[in-house]
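Open the model in your viewer and keep the selection panel at hand. The stops below go from the ligand to the space around it, and then to a pocket elsewhere.

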Amino acid sequence: MMNLLITGGAGFIGSNLIRQVIDQPEITKLVNLDCLTYAGHLENLEGIHGIHPRYVFEQVDLRDKAEVLRVIRQHDITHVMHLAAESHVDRSIAAPADFITTNINGTFHLLEACRAHWFDPETSIQNRASKFLHVSTDEVYGSLGPQDPAFTEATPCAPNSPYSASKAASDMLVRSYHHTYGLPAIITRCSNNYGPCQFPEKLIPVIIQSVLNRQSIPVYGDGLNVRDWLHVGDHCQALWNVLTSGKAGETYNIGGQNELTNLHLVQQICDVIDELAPALGGNSRSLITFVPDRPGHDRRYAMNAEKIQSELGWKPAHTFETGVRETVQWYLNNVNGMRDVRLHVSL
Ligand code: NAD
């Protein structure tokens, strides 16, 4: 029996995750805890929210410690997949406070609530089968040089932005709750995701939106920053494998072995749009415009995901070519649902 709590289930990855796992036979109840910030949209859960018999929504802010504990107790939560976070690097540079309160304090509240509910207060012995999966990012490892080997789970954390620092801090808290209290916690760190339902301020929706409006496509600096791209469906499958088969106390890297410069990524998407929507006029690459670089912009991320592949048998099902084509098509089909948020490119 699994009473599963997914935090941040109205966001990009969380909504894809709910869609992907809700019918797993192990799940008795799936509770989506989300306070619906600018990045949370229940439309992402159309067909599930308010309809699916196993699904419950709790509009709760992780910063409200008492409410977090209430949710864990009321639904007798046995498993947690913790995704809720402030996730946009540019926003963390402009206004870091929410990153500290949500990503660090919010994770602390969730850990405390699980400890209170899963451990006997008299004996401190764990009183039920449970698992806490903390979803983190490759950004906690910092930046690589062009020839450096990819990050492994043993790479020390060296975060460079307020966002990645807040994620690294929450990772350390999770680690300490396993070490100190024996909380059955696991950390995953994933590379950049792409796929449906991503908030329009992130790179791929920004590119598509710009092309549709025939506006310039902003690319930071020289466009040669490198990211490792993974389809969100592959990330969600990896998270499910880790939740059900991962070992408490471990960290698992998740990545697509798909390193691309930002410029190359933008060019590829322009070409796919030109092919799928020729009525837009073609030659979308001409819209690419270089804009001043982000302060402290990490140059390169790359993930070594051998551990999850060899220990848990996970590997990505999507190739980048098919995944990007399918994603562009999804945005073209859902163009009316794209909110007109044209900030900066986030990676
Ligand atoms: P997102 O910004 O799309 O969604 C975040 C969700 O969390 C939103 O629904 C928002 O309403 C909710 N939320 C924010 N603050 C909250 C709070 N105080 N209380 C309750 N809910 C709150 O983020 P995403 O891209 O789906 O990322 C999800 C997780 O995966 C994050 O922890 C992020 O660090 C991690 N991650 C993301 C990527 C990526 O490429 N997007 C890669 C690796 C790891």
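Which polar backbone atom is 2.9 Å from an oxygen atom of the ligand? Select threonine 37: the backbone atom belongs to this residue. Such a polar contact is a pair of N or O atoms within 3.5 Å; within protein, one must be able to donate a hydrogen and the other to accept it, and residues adjacent in sequence count only if both atoms are side-chain atoms.

Before going further, note that this is a predicted model, in which local features need pLDDT of at least 70 and side-chain atom pairs count only at pLDDT 80 or more, while totals for chains, interfaces and linings use all residues. Residues are numbered from 1 along each chain as its sequence is written, and side-chain values use heavy atoms, with hydrogens and water left out.

**Ligand contacts**

Add leucine 83, where a polar backbone atom is 2.8 Å from a ligand oxygen. Then add lysine 167, whose contact is through the side chain: a polar atom there lies 2.6 Å from an oxygen atom of the ligand. Alone, the ligand exposes 840 Å², and the protein buries 96% of that (Shrake-Rupley areas with a 1.4 Å probe; for residues, only the protein chains shown count as cover).

**The shell**

Select the residues with a heavy atom within 4 Å of the ligand. There are 29 around it, and Ile13, Asp34, Ser87, Tyr163 and Lys167 come nearest. Strand 5 gives the largest share, three residues. By class the shell has 14 nonpolar, eleven polar and four charged residues (Ala, Val, Leu, Ile, Met, Phe, Trp, Tyr, Cys and Pro count as nonpolar, Asp, Glu, Lys and Arg as charged, the others, Gly among them, as polar).

**The largest cavity**

The ligand sits in the largest cavity, meaning that more than half of its atoms lie within 2 Å of the cavity's grid points. On a 1 Å grid over the protein atoms alone, a cavity is a set of points where a 1.4 Å probe fits but cannot get out; a pocket is an open set with protein on both sides within 12 Å along at least five of seven lines, and lining residues have an atom within 4 Å of a point. The volume of the largest cavity is about 870 Å³. Select its lining of 45 residues and centre on Ile13, Leu83, Ala85, Ser87 and Lys202, which lie nearest the cavity centre.

**The second largest pocket**

Finally, move to the second largest pocket, with about 300 Å³ of space. Among its 18 lining residues, Arg175, Ile187, Arg189, Gly249 and Thr251 are closest to the centre. Helix 5 supplies five residues, the largest share of this lining.

Technical notes
Grid points are joined across faces, edges and corners, and a volume is the space filled by probe spheres set on the points. Helices (H or I, at least four residues) and strands (E, at least two) are DSSP runs, numbered from the N terminus.
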